[in-house]
Amino acid sequence: MENIGVGVIGCGKIAESKHIPCLLREKQAHLVGLCDLAGSERPRMLKEKFSLSDCRAYASVEEMLKDPAIHVVHICTPNAFHAELAIAALRSGKHVFCEKPMAVSLKEAKQMAQEAEKQKRSLTVCANHRFRPESLYLKELCRQKALGEIYYAKASILRRRGVPAWGQFLQKEAQGGGALVDVGVHALDLCLWLLEDDPPVAVTGHVYDRLGKQTSAANPYGSWTPEQFQVEDFGVGIIRLQSGATVCLEASWMLNTRRERGVGVELYGTRAGADMENGLWINGERNGRLYNEEILFQSSPVAFQTLETETPAQKELHLWLEALSNGQPPVVRPEQMVRVMSVLEGIYRSSREGHTVRLNDD
């Protein structure tokens, strides 16, 4: 498939800051049109901002899905609409790139994956942190068993103050959850992907809205009223894998911590350990001595030369389009994201019911 026609549904921040700029850099993709559930004003604004004179602003999703010029739909709406829109697009013969999380429930995620298989269309979900250089390097170490048997791992994203106070992020009905499904999903996906041969079987979790029930003038994205905050600001899960290994997941929009962390993992194996704190570090024992080894990813032989690098989001999109062109399955497969949804739903259920939850994502 060449000259892939793309339509974007949802014209908020994620479409404006990531999807549209990335699509415009891809030679094999053509941005055919935009549509927004709130009406036509935002598509018109984005057309003007990006000088998209030949890009169409559709009056409705139905109108977009009827257009044969569109082969792929990018879904950038609030989470509650992901499954409905993805299934409609798949049934219309379109391939689908959906923003994370896959859906607001495991049931909906499974329905999306089943529909893609039924319609023989490709479905993928945003997992751009897999495409960071350090993630790809660490994945290869895991394939080679270089760390030995990994029996403990940590997946985390910890913001001291970083609540997305715009849009519908604080609304339970629209989003399905808070910090866990918004940012924790990235850390969880990254960790489960690295440990792909060891599936999760049970989870114990807790979610909290302690700080969200306060107003926060220190939040860089603005404040809110406590009544607006309907989701968790912090969540934690202890996940047992099939081998008996343990994964600890921590995700916060706001936490009174001095040590903030971006999306990253720590792996602890019998031969060595690895962490993504300030780059990628491997630690272990060699010749009777302990070592800490930093893996370098950017270097230039000329001091003043700046090397251009492909962003993880751009690389993810490029590989997605390349797979479509070659008739290959997506790099980020739906069944992998169904597994992520199984764990997230298990954390919420465990917190609600107060016990460990067995997972079954078949």
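Two strands pair if DSSP finds at least two bridges between them. In this predicted model, strand β2, residues 29-35, is joined to β3 by two bridges. The two strands run parallel. Within this pairing, L34 has A57 of β3 as its bridge partner.

The pair belongs to an open sheet of six strands. The strand order is β3-β2-β1-β4-β5-β6, and the pairing is parallel. Strands β3 (56-57) and β6 (123-125) form the edges, and each of them pairs on one side only. Helix α1, residues 13-24, packs on this sheet. The helix touches β1 (4-9), β2, β4 (72-75) and β5 (95-98). The direction of α1 makes about 150° with that of β2.

Another set of pairings centres on strand β10. This strand covers residues 246-252 and pairs with two partners, β7 and β9. Strand β7, residues 150-158, pairs with β10 in the parallel sense over seven bridges. Here A153 stands opposite V247 of β10. Strand β9, residues 234-241, also has seven bridges to β10, but in the antiparallel sense. In that pairing F234 stands opposite S252 of β10. Strands β9 and β10 form a hairpin, with four residues between them. One residue of the turn is G244, which has a positive phi of about 105°. How many residues of β10 are buried? Five of its seven residues are, so the strand is largely enclosed by the rest of the structure. In a regular strand, side chains point alternately to one face of the sheet and the other.

A loop residue also deserves attention. N128 is found in the loop between β6 and α6 (133-143). Is N128 buried or exposed? The relative accessible area of N128 is 13%. The cut-off for a buried residue is under 20%, so N128 counts as buried. Leaving out residues up to four places away in sequence, N128 touches K18, H186, P312, A313 and E316.

The model also contains open pockets. The largest pocket has a volume of about 890 Å³. Its lining comprises 37 residues. Of these, K13, I14, C76, W166 and F169 lie nearest the centre of the pocket. Which helix gives the most to this lining? Helix α1 does, with five residues. Helices α1 and α8 (179-194) each supply at least two lining residues. By class, the lining of the largest pocket holds 16 nonpolar, twelve polar and nine charged residues.

The second largest pocket has a volume of about 320 Å³. A set of 17 residues lines this pocket, and C142, K145, L194, L195 and D197 lie nearest its centre. Helix α6 provides the largest share of the lining, with four residues. The lining of the second largest pocket divides into eight nonpolar, two polar and seven charged residues.

Enclosed spaces were counted as well. The count comes to two cavities of 30 Å³ or more. The largest cavity holds about 70 Å³ of space. It is lined by K18, H19, C22, L23, H74, F97, A313, E316 and L317. Helix α1 gives the most to this lining, with four residues. Helices α1 and α9 (312-325) each supply at least two residues of it. The lining of the largest cavity divides into five nonpolar, two polar and two charged residues. Three of the residues touched by N128, namely K18, A313 and E316, also line this cavity.

The second largest cavity holds about 30 Å³ of space. Its lining is made up of F97, T124, F131, E316, W320, V331 and V332. By class, these residues are five nonpolar, one polar and one charged. F97 and E316 are found in the lining of the second largest cavity and also in that of the largest cavity.

Key. Residues numbered from 1 in each chain as written. Predicted model: local features only at pLDDT ≥ 70, side-chain atom pairs only at ≥ 80, totals over all residues. Heavy atoms only, no water. Contact = heavy atoms within 4.5 Å. Axes fitted to C-alpha atoms, helices over the stretch in contact; angles between N-to-C directions. Buried < 20%, exposed > 50% of the residue type's maximum accessible area, 1.4 Å probe, protein only. 1 Å grid on protein atoms, 1.4 Å probe; cavity = no way out; pocket = protein on both sides within 12 Å on 5 of 7 lines; lining within 4 Å. Points joined across faces, edges and corners; volume = space filled by probe spheres on them. Nonpolar A, V, L, I, M, F, W, Y, C, P; charged D, E, K, R; others polar.
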